[in-house]
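Here is a short tour of the structure, written for someone who likes to keep a finger on the residue while reading. Please have the viewer open as you go along.

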Amino acid sequence: LRLFVIEEVSMVSPNLFNMLAYRAFHARRRQCNLQEANYLKPCCAFGRVPIVIYLGDFLQLKPTGSGMSLLSDLQKLAAADNRVQGPPVEHQKAMSFFCDTSLCFELQATNRFKDPRLAELMNFMRKPTKDRVPASIAETWNRIQMKPNDPRLREERFQMGHMIAWYWDAVARWMMMRARRDARSLGQMLYLVQAADSSSPTLPMDMAAKLVNQANPGVTGGIHGMLPLHPGMRIRLLEHLDLGRGLVKDAEGEVVHVAVNPRDDAEVSEAKVENRPAYLRYLPLGVWNRMDKYKAAPFGDKLPERDGTIDASDAARLVFIEPQTSSSFDFRRHKVTRTGLTVSHAQVLTSTACQGRTMKDGVIVDAGCKDASDLDGLWLHLYVMLSRATTSDNLLMIRDPGLEFLARGPPPDLAARLRTFNARTKRCRKEADKLTQELGLTRFLHAE
């Protein structure tokens, strides 16, 4: 192995970074004559792979779960946890090793932003000036605010686009609203699928109802308590189905057909007559989906043989997702397992789930914050949500935190760490310029 690339390194926790280095040491210790004591030293790290490249933007969100990134302040972490020693020693060593990275380079262009106004807005958020917010940025900021009865909401880019919020509480409500609206627009039946919970000891009825209404599927086995579905709805997987064939967590597709349990046929028939959603009392047999990046359906070549109107490449993308039972999780001192569908709405998602995505249609952003004291958290989530769009015209925002919030800048401790890397970046750039001149390669450099 000559090259090892860690993509989205800002999302790699110290624990995972340490594990990567340690396993690489074990994989290559004999052929490279490595000692365990040196597995996180520059000369031996990652099993002495010659080139290791970290790619990422630390102005994104911190790794999920631990909430601790490779640039986190150890002293602040220790104070927050009331622990003198802070995180485990191995994690601290991993953080120190990463922070000592000597060669640093900054990619100074992006293909995501298609209009200069959005690029200007995001650059100001990253590096705000001490003076007032410039008039051009204030104009862009005011323009993306959603107005009462905003006519832009009826434009196709927002009708078909994404909706993003920090909290699952908002996302869950938006999911239901969006599914109802889209099903009505498409002339399709809306199915409301309730998960089946089993607990020990048995949950009282009021507690069971609260569990069904728990918004975040991340704490309920990766399954929504109540899931709206309709043909034509965009979905994303909440759990891996087949790693080898690309059916991984967050893979997206479109619902083709909901295979309703025959015991719910009467409810579906009544719902059609009464022009209302069908409240399924039983879990469906499964859901047929047309997945975006999947072409391995074993019956892909059989369906066109039975029906000449079926396209073989289209049939090869079909996946039947059946209800699954989760591992046990805790809910108010009860051990619970949940059976249901491990999918969610692909167009309505949290800021955490939208990281790394480029959204070419309209993006509606909810800038609401539960904890008024967590302004650093709000800045990071808002930065991520706004930077998913490609143009400022494709942005609408509700619950505006105020124009002055833009001048706040990144969290102070993170900004201090990034200034250290910026200084190294400038030094490395000068050294690279000097080297290109010595090697006669200046004609390959881009002009400033």
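Let's begin with a pair on one helix: E431 forms a salt bridge with R427, and their closest N and O atoms are 3.6 Å apart. This is a predicted model, so please read each value here as computed from it. Both E431 and R427 belong to helix α14, which covers residues 412–439, and the two are four residues apart, about one turn of the helix. How accessible is E431? E431 has a relative accessibility of 43%, so E431 counts as partly exposed. R427, at 37%, is partly exposed as well.

**Salt bridges in pairs**

By the rule used here, the count for the model comes to 27 salt bridges. Three of them are set out below.

| Acidic residue | Basic residue | N to O distance |
|---|---|---|
| E431 | R427 | 3.6 Å |
| E155 | R157 | 2.6 Å |
| E274 | R276 | 2.6 Å |

The partners in the E155 pair can be looked at one by one. E155 has a relative accessible area of 29%, which means that E155 is partly exposed. R157, at 25% relative accessibility, also counts as partly exposed. In the E274 pair, R276 is partly exposed too, with a relative accessible area of 24%.

**A network around E252**

Some charged side chains are joined in a larger group. R234, R236, D250, E252, D292 and R357 are linked in a network of salt bridges. One member to zoom in on is E252, which sits in strand β8, residues 252–259. Is E252 buried or exposed? With a relative accessible area of 18%, E252 is under the 20% cut-off, so E252 counts as buried.

The side chain of E252 makes a polar contact of 2.4 Å with that of R357. Another polar contact, of 3.1 Å, joins E252 to the side chain of R234. Leaving aside residues up to four places away in sequence, E252 touches R234, I235, R236, M291, D292, A346 and R357.

**A nonpolar patch on the surface**

Now for the nonpolar side chains. Which residues make the nonpolar surface patch of about 380 Å²? The patch is made by L3, V5, I51, I53 and L55. The elements that give two or more residues to this patch are β1 (3–6) and β2 (51–54). L55 lies in the loop between β2 and α3, the latter spanning 74–81. With a relative accessible area of 34%, L55 is partly exposed.

**Backbone spots to check**

Most residues other than glycine have a negative phi, and most peptide bonds are trans. A few places in this model are therefore worth a look against that background.

The peptide bond from S200 to P201 is cis, with omega near -10 degrees. P201 is found in the loop that runs between β5 (196–200) and α9 (205–212).

E8 has a positive phi, near 50 degrees. The loop between β1 and α1 (14–28) is where E8 is found, and at 36% relative accessibility E8 counts as partly exposed. R332 likewise has a positive phi near 50 degrees, and R332 is placed in the loop between β13 (329–331) and β14 (334–340).

How values were computed. Residues numbered from 1 in each chain as written. Predicted model: local features only at pLDDT ≥ 70, side-chain atom pairs only at ≥ 80, totals over all residues. Heavy atoms only, no water. Patch = residues over 30% accessible without salt bridge, like charges linked within 9 Å, V, L, I, M, F, W, Y side chains within 5 Å. Areas by Shrake-Rupley, 256 points an atom, 1.4 Å probe, with all protein chains shown as cover. Salt bridge = Lys/Arg side-chain N within 4 Å of Asp/Glu carboxyl O. Buried < 20%, exposed > 50% of the residue type's maximum accessible area, 1.4 Å probe, protein only. Polar contact = N/O pair within 3.5 Å; in protein donor to acceptor, adjacent residues only side chain to side chain. Contact = heavy atoms within 4.5 Å.
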